[in-house]
Amino acid sequence: MAVRPILKMGTPSLFEKSKPWPLNKFGSPELQRLLTDMRETMIAANGAGLAAPQIGENVRVVIFEVGDNPRYPGREKIPFTVLINPVLTPLGAERAEDWEGCLSVPGLRGKVSRFARLRYTGFDAHGKPIDRTVDRFHARVVQHEVDHLDGVLYPMRMSDMTQLGFTEVLFPDLAGVDDD
Ligand code: NI
């Protein structure tokens with residue numbers, strides 16, 4: 001169990017497509033160690049989510065949780081979720097724009113268009129199926145985290161680079177909450 005270093009944009013492995021978690025390794029000590037490291041790392045960094053590639057493990061495992069998160073004040077709460085081998089299905093064509101940050105892109109925020117509503121399926125740590133229909137911030141967080149599994153960081157989803165900036169400039173109240 002350990003807080004692991006978070007890889008930052010520029011690290012080549014962040015742009016790789018990650019491999020599915022092997023079906024015969026659900027419920028394994030190896031998976032439990034990975035998930036414990038991911039959760040401790042996410043909590044230490046006040047993250048809303050973390051994808052395994054961000055700590056150097058290119059497997060299709062993400063976690064997310066939003067409580068009273070100082071990096072994302074006023075957003076709806078999302079229960080702690082382990083999502084393995086996820087599949088996203090957008091529901092409708094409606095899109096929404098909002099600001100995003102990323103622990104691999106510290107100190108910056110950018111406005112990103114995402115599907116407003118989607119269904120996601122996948123598995124928890126024990127191989128139990130997950131099937132949820134979500135919208136708003138929950139839908140955004142899932143799309144952001146699953147993008148990491150395909151080697152995509154949020155700036156690569158942006159169409160207007162004037163909407164990328166330093167957190168301390170865009171949101172002075174959040175200065176000091178983002179690391180670096
Ligand atoms: Ni991220």
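Cysteine 102 is buried in this predicted model, with a relative accessibility of 3%. Its SG atom is one of the donors to the nickel ion, which is also coordinated by the NE2 atoms of His144 and His148. The coordinating distances run from 2.1 to 2.3 Å. Along the chain, these donors follow the spacing C-x41-H-x3-H. Cysteine 102 sits in the loop between strand 4 (95-100) and strand 5 (108-115), while histidine 148 belongs to helix 2, so this pair ties together parts that are 46 residues apart in sequence. Histidine 148 is buried as well, because its relative accessible area of 1% falls under the 20% cut-off.

Helix 2 comes up again when the charged side chains are examined. Aspartate 147, in helix 2 (residues 136-149), forms a salt bridge with arginine 157, and the closest N and O atoms of the two are 2.8 Å apart. Arginine 157 lies in the loop between helix 2 and strand 8 (164-166), so that the contact links distant parts of the chain, 10 residues apart. The two partners differ in their surroundings: aspartate 147 counts as buried at 7% relative accessibility, whereas arginine 157, at 43%, counts as partly exposed. The contact does not stand alone, for salt bridges with shared partners join Asp147 and Arg157 with Glu100, Arg114 and Arg140 into one network.A further salt bridge connects two strands. Aspartate 131 pairs with arginine 119, with 2.6 Å between the closest N and O atoms. Aspartate 131 is found in strand 7 (residues 129-135) and arginine 119 in strand 6 (residues 117-123), so the pair ties together parts that are 12 residues apart in sequence. Aspartate 131 counts as partly exposed at 47% relative accessibility, and arginine 119 counts as partly exposed at 36%.

Lysine 25 and glutamate 30 provide another example, their side chains meeting in a salt bridge with an N to O distance of 3.4 Å. Lysine 25 has a relative accessibility of 30% and counts as partly exposed. Glutamate 30, at 37%, likewise counts as partly exposed. Overall, the count comes to 15 salt bridges, among them the pairs Lys25 with Glu30, Asp131 with Arg119 and Asp147 with Arg157.

Technical notes. Residues are numbered from 1 along each chain as its sequence is written. This is a predicted model: local features need pLDDT of at least 70, side-chain atom pairs count only at pLDDT 80 or more; totals for chains, interfaces and linings use all residues. Side-chain values use heavy atoms; hydrogens and water are left out. A salt bridge is a side-chain nitrogen of Lys or Arg within 4 Å of a carboxyl oxygen of Asp or Glu. Buried means under 20% relative accessible area, exposed over 50%, partly exposed in between (1.4 Å probe, protein chains only). Helices (H or I, at least four residues) and strands (E, at least two) are DSSP runs, numbered from the N terminus. Donors are N, O and S atoms within 2.8 Å of the metal (3.2 Å for Na, K and Ca); water is not among the atoms, so sites may look incomplete.
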